[in-house]
Structure formats: C-alpha cells, structure tokens
Amino acid sequence: MKFAVVVFPGSNSDRDAFYAASRVIGEQAELIWHKDNDLKGADAVILPGGFAHGDYLRTGAIARFSPIMSAVTAFADRGGPVLGICNGFQVLLEAGLLPGAMVRNDRIKFVSQIVPVRVEQTDTPFTAACAPKQVLHLPIAHGEGNYFAAPDELKALEANRQVIFRYSSPAGDVAAEWNPNGSLNGIAGICNRQRNVVGLMPHPERASELPLGSADGRVVLASAVKFFQDLKASRPQGRTTSSPQALA
Amino acid sequence: MTAIDSAVLERHGIKPDEYERIQQLMGREPNLLELGLFSVMWSEHCSYKSSRVHLRTLPTTGPRVVQGPGENAGAVDIGDGLCAVFKIESHNHPSFIEPYQGAATGVGGIIRDIFTMGARPIALLNALRFGSLDTPLARRIFEGVVAGIGGYGNSIGIPTVGGEIVFDEMYAGNPLVNVFCLGIAHVDDIVKGAAKGTGNPVYYVGAKTGRDGIHGATMASAEFDEKSAEKRPAVQVGDPFMEKLLMEACLEVMKTGAVVGIQDMGAAGFTCSTSEMGSRGSCGMTVDVMHVPQRETGMIPYEIMLSESQERMLLVVERGREHEVEAVFEKWDLHAVQVGEVTEGTRLKIHERGTLVADVPNRALTDEAPVYQRPMEVPLWQKSVQEIAFSDLTPASAQQAFDTLIAVPTIASKRWAYRQFDHTVGTNTIAQPGMSAAVVRVKDTPRALAMSVDGNGRFCYLDPYQGAMLAVAEASRNVACAGGEPIGATNNLNFGNPERPEIMWQIAEAVRGIGDACRALNAPITGGNVSLYNETEGRAIFPTPVLGVVGLLEDASKTVTRTFKTAGAAVVLLGDNLGELGGSEYLATMHNLVAGKPPALNLKREAALQALIIKLIRDGCIESAHDCSEGGLAIALAECTFDTGGMGLSADLTSVGDEPAFATNATLFGESASRIVISVGSHHLDHVMEAARAAEVPAREIGRVGGEAIRISVNGQAAIDSPVPSAETAWATAIETKMRRKPKTDS
C-alpha cells in the first residue's frame, strides 16, 4: 500500500513518518508538498507533527488553507484513512475533520517524555492490529496537547466510542496522575464519526524501533496495512485498483 | 557627519591604538560607517583578538578531520562518505539580559552554522551555568533559558539530546548558555563560506533587517554593570519558523550545485558575512544596502550593516543559474534578492542607492584585525586557594552528606529542564537525556555518534591548566562510556575580562590544558567559540572552558548507558579511587568551601582507561558504564540505580585519603579523575578483569547489583544505607521543588 505524508512549511516530523512508513513498515510512502493538489494515489494519508505555518494564529489554524487540504478532505469524505499526529491532529481539528479543540498544557510547559497510552477502540484503520485495551509506550512532545470539547460534544464522543487513545498507567488504569497535559477524560486521540480519520498527540512514528526506547508505535501504521489488506481481501475479484475512490 | 573623537571611539569600543591601526590599514580616516564595521569586526567576539595567539596552539588535525577551525563549523569523517559537522557557541550575555530570546537565538545561531555547511542538523546539546536556584534572579533566568532553548529547537524539529547544567553563585550575574549542534553531511556536499568568481551575484535571503541587535557583538565584548538592563535592544528576537524555512530551502538549494558559497549572518550581521566571504575567497564584493529587505523605515547604512536581526543568509550564486536558486526559495515562500556581486580586487564596497558609502579592504576587517599578546600574571590568590585547612572543618556524616549531595541541583536530575526539550524528534535518539553521553544513530549506516559537553569551573578556578585537561578528559570519558571512540572536539571558552592579566593567565593556561589533553586523547579541535568579559561589577565567573567531544560507534546496537540492568551483576570500579577532595562538590556543599588542588590526571592512564571501556563495550561484555564526576564514587553508584525501577546495590570500598578524619568522605565523595563504574554479568567477569590487566587499568570488584537499597560501606563499616526509591525521589525532584517557588519578576 502507499502512504502520503503531507509536508507543510514547518512540518518537522514529516521525514520521521516517511521513514517509519517506508523503512520500518516497509510500505510505499511519498512526501507531498502542501501546495500540491493531489495525493498521488495514496491509500492512507498522514498529517505529520511540527508547527505548520509557524503555528501562527493558533496551532494548525493556517494549515487548513493549504491547497493539499482540499484533497485530504475529499479523500476523508470518501472514507480514506487519514492519521493526524501531534500538530497533524491539531490541523485536523482546525479543518473540522475532527471535533473539539486543543489548548495549552495545564502545566503550561512543553512536555517531552514517553508515556503509556491505552488503546480504547480497535475498529479504526490505525488501531485494527491492536489488542483491546493494549497499552502502548509512545513519546509525546507538545506544548498544546490539552484536548478540549464542549460538554455535549464530549458526551457524544464517548457515546459514539470516538475516543481512540487515552493516557493511562503502564497497567492501563486511567487516572489524573497519568494525564500529562490536562486533556479532558485523559484523551490522547480520537476519530471522526465515520471512524476513518484519527488524530492523536503521541508520536507512534517515533516509537517504531526498539533502539529508540519503544517499538510499541509500530502497530499504528501496521494497523493501516492490515486494514488495507482486509479491505482488499473483502473486495470482489478482479478489482485491482487500490485507490479509495473505488472503495466508496 | 559625526566627527570621530574619543567619545565616538569609546562608544564603539575601539581603543586609541586600534584607531591608529585602522587609519593605517585604510590609508585615511574612516567615516562613521566604516568605523562601525571595524568596531564589530574587531570586537573580541568576532576577532578573537585576545585568545587567537593561544588558540593557534591547539591540535586541529587528525586522520578524520575534514574541516578544521576557520569555517562556519568543523567536520570529521564518519565513514561511508559521510561526515559529522559540529560546533559549540555561546550566547551568554544576551541570555542574562533577556533569557528566553537570548537562549533561543543562541540555538538559532548554531543551527545556522551547521546547515550553512550543507549538513542536516540532527542533535543539539547545551552546557548551562546559573546562580543558585535559591535566588529569584537565577530561577527567572533558568526558567527563561530552558524555555527559550525548547521554544526554538523543538519548533524546528532538532532534538535536544543532552547537556549539563551547573548552579553556582559565581554565575549569578553572568549565566552561561553554550549550545552545541551536530549535523550530518556527505563529505562531497560540504559548502564553504567563501565568495568566488568575479561577476557572480550575491544574494540575501531570509528575515528582513531591523534595528535589533545593533552592536550585539560589541555588547558581548564588554563587562556588565548596573546599566546592563538598558542594553535590551541589543538582544535579537528569534523566529524559528523562518529558520526552519531557511534551513530546508538552503539544504535544497545547495543540492542544485549552483551555490558557490554561503554564510549565515550571525554576530556582526551583514558586515561579517560580506567581509568574511570576500576575505576567505580572496576577492572583493560590492553591495548596495538599498536592496536589503528592511523591516523598519528610515534605516541608515550604518544600521543595516550592523543589525543582528536573526535568520538571514548570504549566498554567492553561479552567474547564469540564478533562476534555479530563486525557484527553490520561492517554493518555500522565501524571497531571495540580489544585493551585490563578487568583484575583482579584495575590497568590500558598500553603496547606498549607487553612492559609495564605505570602501574597506576585506582583510583589514578580518585577518588583519589586531591580535594581542596580552599581559598575563598568576593571580595572587592562586596558591592560597589550593590549600585546604582541614583542621578548621568538622567532617559531615557520610549519610548526611549523601542525602544532601544527591539533591544538590548540580548533581540532581535535570529532568525539569529536558522534559521541556523535544528529544525524540528525528527518530535517531538512542540514549535519552540524563545518561553519561547522548547517543544518536546515523541512519542508513550501522553507526552511531556519542556526544558530551563538560566543564568544571571550580577545578579551573583552582588550577586552569589542570581544570581544562579534566574537562577534556571528562567529556571524552563520557563519550567512551557510551562506547564512542572520540574523533573530534569543539570548545567554548568562557572567561572574564582578558585585559586583566590574571584572567588572561587563566585563558592561556586553560588553552594549554585543552591542547595537551586533546593531543593525548586523539580528539582534535575542529572549531569553537570564545566568550570573554563574563564579569559583573568587576567580579568574573569561574574560568569555564566547556568541551564538546564527539565519538563514533561502529555498531550502534552495542551502546550502553549508566543504569544497572540485572540483579547479581558484579559492580567493578575501573581506575583508582584516590580520595581527592580538592574542588569537590562535597567541600562546596557541606563546608561551603571551594579550595584545594583539582584531582590529578595522568593522560596516559586516562587514554588507556578510555580505550579499555570502548573495547569492553564493543565486545558486548558489560551491562552498564558510568563516569564518576561531581559527588564522587558514592553519587556515581547511586546514579547507576536510578531509572532502573529500584534496583539497588551493595558495595564496600577501601578507605583512602590523606586526612584521617575525612578519609571516609574522601573515599565516598572525592572526585578523582579516570574512574568508571561498570556492571558485569558473572559469566563475563573474568574476561573483563583480564582485559583490564592487559590494558594496565586498575580494576576492582567493589560490590553487587541487587537489593532495594543503596548500601555502601568503607572498610566494612556501613556508611550509606538509603532505599533506592527515597534517594531517587530526592534526586529526581530537587530542581522542580525549587522551581515551584514563585519566580519573582525583575527585582
């Protein structure tokens, strides 16, 4: 399968996502410049971490106007898998592809450390290969990762099982002491109603090889591969195109 | 036009004899603009006029050196056609005046030096010095500097992977912010900062020029007094987003092959980049300031030439290939503008709307800047501070000393700081911050690079020659403890006012020490930085040379860290415990005393020790390695138990030391050099002891990993018994506990 990694001016984890998809997972990957208009036949899209457009105005606020975002939105609307990591998650929130907003960490400071994150749902393209309630050790590195949603919105998120990742203890217990940034309900990642668009603050692409301290994150991109293969297998014989247009 | 009188000269920091020299080199009186050019280029910061005669004695060559001092950064060969490009640089003065921006722009400056060479930066480290965290001023500066380093490096996406932080009242008015950056380049792709080819266009790209930082280099070449806060406009403001665009665009544009030379505009801005590029290429350059993009209206040539606005680059482009270069910058929404061209001759000609306003020989600004053999004198107090009056002291109990030292900010975990640094971006970080050395892998090769920055101002105050050698040895030993074979070094010399003979003596002695140690340990100096005038109201900082050493691991998977791995493993001390308390953290903390002779150092034995540890790591027969430094053996042993999930140890040490009353504390907390604590599985123990014998390195099994406490006895007498969790909590939270006190704003 093929991953598209979007490069905004100010993206700084684009090369890391590209490396994880191509070298670690061993799939095709292509870096797509934000001024491009098409996703070049990708089967999944990654919006990487960084500070797109300098995070001026608000984190992710300007990136949603980048030309490539029309293609990303159309791809998502057709059911194509889209993963937003860290700043990419913030871009998805600003673009309206995911609900809610991100505010400054409750302890104000930038936080960089490896934290345990519990997988809440396995029926998304980026958690399909996870075990239910699996705990992943993933690095976080952000100053604005404090997820916020209005009470009704939050209720709906939980009711619709849209919370996909939650900060937890290494044993998988969710409690305030394991929440590094003050996120509501310990939310580390969510998906949209259709479940094909996922955003998370931790960096799975930085935890995909053991020498880096954790290989737990590999399962996130591996899930996309599994999801893609399952889809292909369930597809009627004779259809060979891998473009999501064909899936819709 | 302002007449050049003594008041004008003083404002420019130009001495009367220097002015005479300027007139000689010019063949006439300079105008005010030209005087401004000389003032920044001949400042200590840019010209190294006090240190240059000494720096020339440093070893700068070696089989792996691709680029030595004189360029934007040094480079060493790491195999497979790749090289590591690295340098350390200070931003001390600005960080006192405006901690956040001062530190942020320090990071920005060193990153530019690295990508200017055609290398992609992959690691940042920093060496920081502050006053005591018990004072609001130090807390405010520490808070701002850490946030500034993170704010800049995190945004650009270059991980801050390590460093060292020391707190001492000697730095209260002069904090030190030394930032090290390392990048990777193909040896063939290295680009230099030389202008060449008459008629080649000169391009300016990046942020617009404003009035910020005018005379920043001159400020960094003067002492502080009570008016220093008024110098705030001389601190630049950083924009990491602009720098990120510049970095990506420059790395891309250099791939076109159309770039002849490139230099960033750091200290002394446009003046430095134009004159240095011309000087290095032995050619002339003509520019018109009218073309320089400006952020403010009404700027005069003097301001444009001297501005230190950040995130700006100067490029010389091959004529006829301008469109290739312009296209890349356009892609990144950066506007590259032609500001001049390379000319015959060797003069820098500056125009304002076509009118010649300055005309100076390049070399007069650069190579012909004054070089001083300043007078030197051993300070009168030097001998007396080397004596320790033990008879006036009452020894602290070992347990009490241990409990106190483990939570002293200089020894305690620096987690509070590095939690604010993104250290995982780039997916190369193998050893996280908080280990002996930082280790990053080199993608697409089996290799890794280990890096450490170290310096001990206290040792250098007591004996600058010895202290500087110890700094080299420690940085190099830290790198070796991760398995890295030292291949190159960079130094940052932080001292007081060189016009005082005793300070100049400290500088000369320290450089001599660095030279001797670097030669013995095969770590050539490939570049560095000098920061002088670190004084406030006549009181200088401790002389503080900081060494950054880079080591190469052929097999990244072999690296080890300081932490114990398995219960039952043997704890072995490599090297001799000599019980030297001179200049120790123990004396400073428990007896409020900075005195004595720094630890002895036998460079031959140090080299043998480092070669041994590198071999043992390569052989894969040790589980952990940790250097002994501040706090001595007891603290080193404790640190091996931290971050292990509570794995303790029991050890028994042989009493050493000349003062019977202090023998136990000297044994535990003495800071003798050339010692490494390793842990070894029992099946490898014979091999390790045999290898040590063959290398003629003393090795002694002092204990075993295991239990839930740190238990250390001396000659069988219990001395320290602390449960790991309580010791670890004290160590891990000491700094955040102090920082939780509300920092007051300006006092």
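This passage describes a six-stranded sheet in chain B and the contacts that chain B makes with chain A in a predicted model.

In chain B, six strands form an open sheet in the order 1-2-3-6-4-5, and their pairing is mixed. The edges of this sheet are formed by strand 1 (65-67) and strand 5 (160-167) of chain B, each of which pairs on one side only. From one strand to the next, the twist of the sheet averages 25°.

The edge strand 5 of chain B runs parallel to strand 4 (residues 120-130) of chain B, and the two are joined by seven bridges. Within this part of the sheet, B:A127 has as its bridge partner B:E164, a residue of strand 5 of chain B. Helix 8 of chain B packs on the sheet, where it touches strand 4, strand 5 and strand 6 (176-186) of chain B, and the direction of helix 8 makes about 180° with that of strand 4 of chain B.

Helix 8 of chain B also takes part in the contacts between the chains, in which 25 residues of chain B are in contact with 21 residues of chain A. On the side of chain B that touches chain A, the elements giving two or more residues are helix 8 (136-156), helix 10 (240-255) and strand 14 (429-431) of chain B, and of these helix 8 gives the most, with four residues. By residue type, the side of chain B that touches chain A comprises eight nonpolar, 12 polar and five charged residues. Helix 8 of chain B thus appears in both parts of this description, as an element that packs on the sheet and as one that gives residues to the side touching chain A.

Notes: Residues numbered from 1 in each chain as written. Chains lettered and ligands numbered in written order. Predicted model: local features only at pLDDT ≥ 70, side-chain atom pairs only at ≥ 80, totals over all residues. Contact = placed C-beta atoms within 7 Å. Nonpolar A, V, L, I, M, F, W, Y, C, P; charged D, E, K, R; others polar. Pairing = 2+ DSSP bridges. Axes fitted to C-alpha atoms, helices over the stretch in contact; angles between N-to-C directions.
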